[in-house]
Amino acid sequence: MPDPACLHLLCGKAGAGKSTLALALASKHRAILISEDIWLARLFGDRMKTFDDYRTFSQRARTVIGPLVVDLLVAGQNVVMDFPANTRVTRAWFRSLFESAGADNLLHYLEAADQL
């Protein structure tokens with residue numbers, strides 16, 4: 001039986017290199033890369049003006065992206081989520097995804113100085 005698919009998650013400050021690492025991980029692990037920035041910009045970009053807008057639209061997008069990620073993982077496809085896993089609430093959402101799919105997970109933590 002093949003190994004279960006893996007959900008790769010990223011945690012780190014803004015500008016720490018999460019998106020750059022996400023792209024490299026997707027290539028290395030032949031994974032589907034799902035970028036929150038791209039989804040939000042394409043779906044809601046013209047309507048996102050404030051941080052509250054971001055939170056509202058991010059939650060809305062997750063109702064579609066979450067089931068997609070579970071389906072990909074169940075199908076055996078590795079997934080890299082270029083979403084910030086910086087809060088307990090967000091990490092709990094990620095946990096619900098990989099647990100629902102019976103998939104592995106790997107949290108990649110990037111340290112960066114504030115000056116960066």
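**Questions on a predicted model**

Me: Where is arginine 30 found in this predicted model?
Reply: The model is predicted, not experimental. Two elements flank this residue: helix H1 (18-28) and S2. Arginine 30 sits in the loop between H1 and S2.

Me: Is arginine 30 buried or exposed?
Reply: Exposed requires over 50% relative accessible area. Arginine 30 has 74% relative accessibility. Therefore arginine 30 counts as exposed.

Me: What is phi of arginine 30?
Reply: Most residues other than glycine have a negative phi. Arginine 30 is a residue other than glycine, yet its phi is positive. The value is near 50°.

Me: In what order do the elements of the protein chain run?
Reply: The protein chain has 4 helices and 4 strands. Read them from the N terminus on. The order is β-α-β-α-α-β-α-β.

Me: What is the radius of gyration of the protein chain, next to the globule rule?
Reply: For 116 residues the globule rule gives 13 Å. The chain comes close to that, so it is as compact as a globular protein of that length. Its C-alpha atoms fill a box of roughly 45 × 30 × 25 Å along the principal axes. The radius of gyration is 14 Å.

Me: Which share of the contacts with a separation of 6 or more joins residues 24 or more positions apart?
Reply: Take the contacts in the protein chain with a separation of 6 or more. Count those between residues 24 or more positions apart. They account for 72%.

Me: How far apart are the end C-alpha atoms of helix H3?
Reply: H3 covers residues 51-74, which is 24 residues. At 1.5 Å a residue, the helix should span 34 Å. The distance in the model agrees with that: 33 Å.

Me: On which residue is the kink in H3 centred?
Reply: H3 has a kink of about 35°. The buried residues of the helix include Ala61, Arg62 and Ile65. The kink is centred on one of them, arginine 62.

Me: Which elements do the buried residues of H3 pack against?
Reply: The buried residues of H3 include Phe57, Val69, Val70 and Leu73. The buried residues pack against both strands and helices. The strands are S1 (6-12), S2 (32-35) and S3 (79-84). The helices are H2 (36-44) and H4 (88-101).

Me: How many disulfides does the structure hold?
Reply: A disulfide needs two cysteine sulfur atoms within 2.5 Å. For cysteine 6, the nearest cysteine sulfur is that of cysteine 11, 16 Å away, so cysteine 6 is in no disulfide. Cysteine 11 is in no disulfide either. The number of disulfides is 0.

Me: Is cysteine 11 buried or exposed?
Reply: Buried means under 20% relative accessible area. Cysteine 6 meets that at 14%. Cysteine 11 has 10% relative accessibility. Therefore cysteine 11 counts as buried.

Me: What distance separates the C-alpha atoms of cysteine 11 and leucine 107?
Reply: Cysteine 11 lies in strand S1. Leaving aside neighbours within four places in sequence, its contacts include Leu107, His108 and Tyr109. Cysteine 11 and leucine 107 are 96 residues apart along the chain. Their C-alpha atoms are separated by 7.1 Å.

Note on methods:
Residues numbered from 1 in each chain as written. Predicted model: local features only at pLDDT ≥ 70, side-chain atom pairs only at ≥ 80, totals over all residues. Heavy atoms only, no water. Expected span 1.5 Å × (residues − 1). Bend = angle between axes of the 7 residues up to and from the residue. Buried < 20%, exposed > 50% of the residue type's maximum accessible area, 1.4 Å probe, protein only. Contact = heavy atoms within 4.5 Å. Rg over C-alpha atoms; globule rule 2.2 N^0.38 Å.
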